[in-house]
Amino acid sequence: MTQGIFITGTDTGTGKTVVAAGLVRLLARQGRRVIGLKPIASGAERTPQGLRNADALALSAASSIEVPYPVTNPYCFEPPVAPHLAAAEAGVELRVGELVRWYRQASAGAEVAIVEGAGGWRVPLHPDGFLSDLPEALGLGVILVVGLRLGCLNHARLTLEAIERTGRCPFVGWVGNRIDLGFERLDANLATLTRLLGGPPLAILPPLETPHAVAVASELGCSERLRQLAAPA
């Protein structure tokens, strides 16, 4: 059975993609059959092959399993707006049942599937529901990427409460990402996050000049907890 991990964030722009792609690449280095997936993406470029989203391409490039782009990212929209708005404008319905079927088919040949969300945990779907309904329906483990900036304490705690409310998704842990070099009292805030989120971080990503999957995989590889996260049973 495929082990599935859903990557969510405290907000948009927290670094979900670099963490997700870095984790995919780390697992691929371990020789695992791992696939990175992006169910819904908005903000795409027109190419001769069709719409392509940079986050989905990064996940595909890091994967050890090669699949056609629509398998990696079945719902891709051009406008860089909230996915439910982009879907409504395109006349596309985003149904949880369809997403569940897509995930099961896309992950069938993988040992581990890393699924990157969009925005934060409770991003709406069109015409109803939330993207978080997908990991909840599948019982995926959740990693929370905390963008280390002013306001992250509230966002992180509220997100954890929402994840735990239904009891359907095990909370795997959190990764801190230093996206704001001016964030003051870093050590004190990390201590507070450790208390609010029930344990120490899986990893803290330092500021990276080129935060791509290779660099992030090296950083994540320094974490014993992450190296063992999806180790073979």
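**Exercise 1. Work out which strands β7 pairs with, and how covered it is.**

Let's begin with β2: it runs parallel to β7, and four bridges join the two. Keep in mind throughout that this is a predicted model.

Step 1. Pick a register for that pairing. Gly36 has Ile114 in β7 as its bridge partner.

Step 2. Now look at β1, residues 3-9. This strand also pairs with β7 in the parallel sense, over six bridges. Two positions fix the register: Ile5 stands opposite Ile114, and Phe6 stands opposite Val115.

Step 3. Put the steps together. Ile114 is the partner of Gly36 and also stands opposite Ile5.

Step 4. Check the cover. Of the nine residues in β7, eight are buried, so the strand is mostly covered.

**Exercise 2. Follow β1 to its other pairing, and decide whether β1 is enclosed or open.**

Step 1. Besides β7, β1 pairs with β8 (residues 141-147), again in the parallel sense, and this time over five bridges.

Step 2. For the register, use Thr8, which stands opposite Leu144 in β8.

Step 3. Count the buried residues. Six of the seven in β1 are buried, so the strand is largely enclosed by the rest of the structure.

**Exercise 3. Find the largest nonpolar core and say what feeds it.**

Step 1. A bit of background: in soluble globular proteins, nonpolar side chains tend to be buried together.

Step 2. Here the largest such core has 29 residues, and Leu37, Ile40 and Leu131 have the most contacts inside it.

Step 3. Ask which elements supply at least two residues each. They are β2 (34-37), β6 (75-77), α4 (83-90), α5 (96-106), β7 and α7 (152-165). The largest share comes from α5, with five residues.

Step 4. There is also a second, separate core, with 25 residues; Ala21, Leu59, Ala217 and Leu226 are included in it.

Step 5. Zoom in on Leu131. Skipping neighbours within four places in sequence, Leu131 touches Phe6, Pro39, Ile40, Leu99, Gly117, Ala118, Val123 and Leu125. Phe6 is the β1 residue that stands opposite Val115 in β7.

**Exercise 4. Describe the largest pocket and the largest cavity, with their linings.**

Step 1. Start with the pocket: the largest one holds about 270 Å³ of space. The elements giving two or more residues to its lining are α1 (16-29), β3 (40-42) and β7 (112-120).

Step 2. There are 16 lining residues, and those nearest the centre are Thr12, Gly13, Lys16, Thr17 and Asp55. By class, the lining splits into four nonpolar, eight polar and four charged residues.

Step 3. Next, the cavity. Using 30 Å³ or more as the threshold, there is one cavity, and the largest has about 30 Å³ of space.

Step 4. Its lining is made of Thr10, Asp11, Thr14, Gly147, Arg149, Cys152 and His155. That breaks down into one nonpolar, four polar and two charged residues.

**Exercise 5. Spot the backbone oddities and place them in the fold.**

Step 1. Set the baseline: most residues other than glycine have a negative phi, and most peptide bonds are trans.

Step 2. Look at omega. The peptide bond joining His126 and Pro127 is cis, with omega about 15 degrees. Pro127 sits in the loop between β7 and α6 (133-138).

Step 3. Look at phi. Arg185 isn't a glycine, yet its phi is positive, at about 55 degrees. This arginine is in the loop between β9 (171-177) and α8 (186-196).

Step 4. Is Arg185 buried or exposed? The cut-off for exposed is over 50%; Arg185 has a relative accessible area of 62%, so it is exposed.

**Exercise 6. Classify Arg195 and Glu45, then give one long-range C-alpha distance for each.**

Step 1. Arg195 lies in helix α8. Its relative accessibility is 63%, so Arg195 counts as exposed.

Step 2. Arg157 is 38 residues away from Arg195 along the chain, and their C-alpha atoms are separated by 9.7 Å.

Step 3. Glu45 belongs to strand β4, residues 45-47. At 59% relative accessibility, Glu45 is exposed too.

Step 4. Glu45 and Cys76 are 31 residues apart along the chain, with 9.7 Å between their C-alpha atoms.

Step 5. Finish with the contacts of Glu45: beyond neighbours within four places in sequence, they are Gly50, Leu51 and Arg52.

Methods: Residues numbered from 1 in each chain as written. Predicted model: local features only at pLDDT ≥ 70, side-chain atom pairs only at ≥ 80, totals over all residues. Heavy atoms only, no water. 1 Å grid on protein atoms, 1.4 Å probe; cavity = no way out; pocket = protein on both sides within 12 Å on 5 of 7 lines; lining within 4 Å. Points joined across faces, edges and corners; volume = space filled by probe spheres on them. Nonpolar A, V, L, I, M, F, W, Y, C, P; charged D, E, K, R; others polar. Core = buried A, V, L, I, M, F, W, Y, C linked by side-chain atoms within 4.5 Å. Buried < 20%, exposed > 50% of the residue type's maximum accessible area, 1.4 Å probe, protein only. Contact = heavy atoms within 4.5 Å. Pairing = 2+ DSSP bridges.
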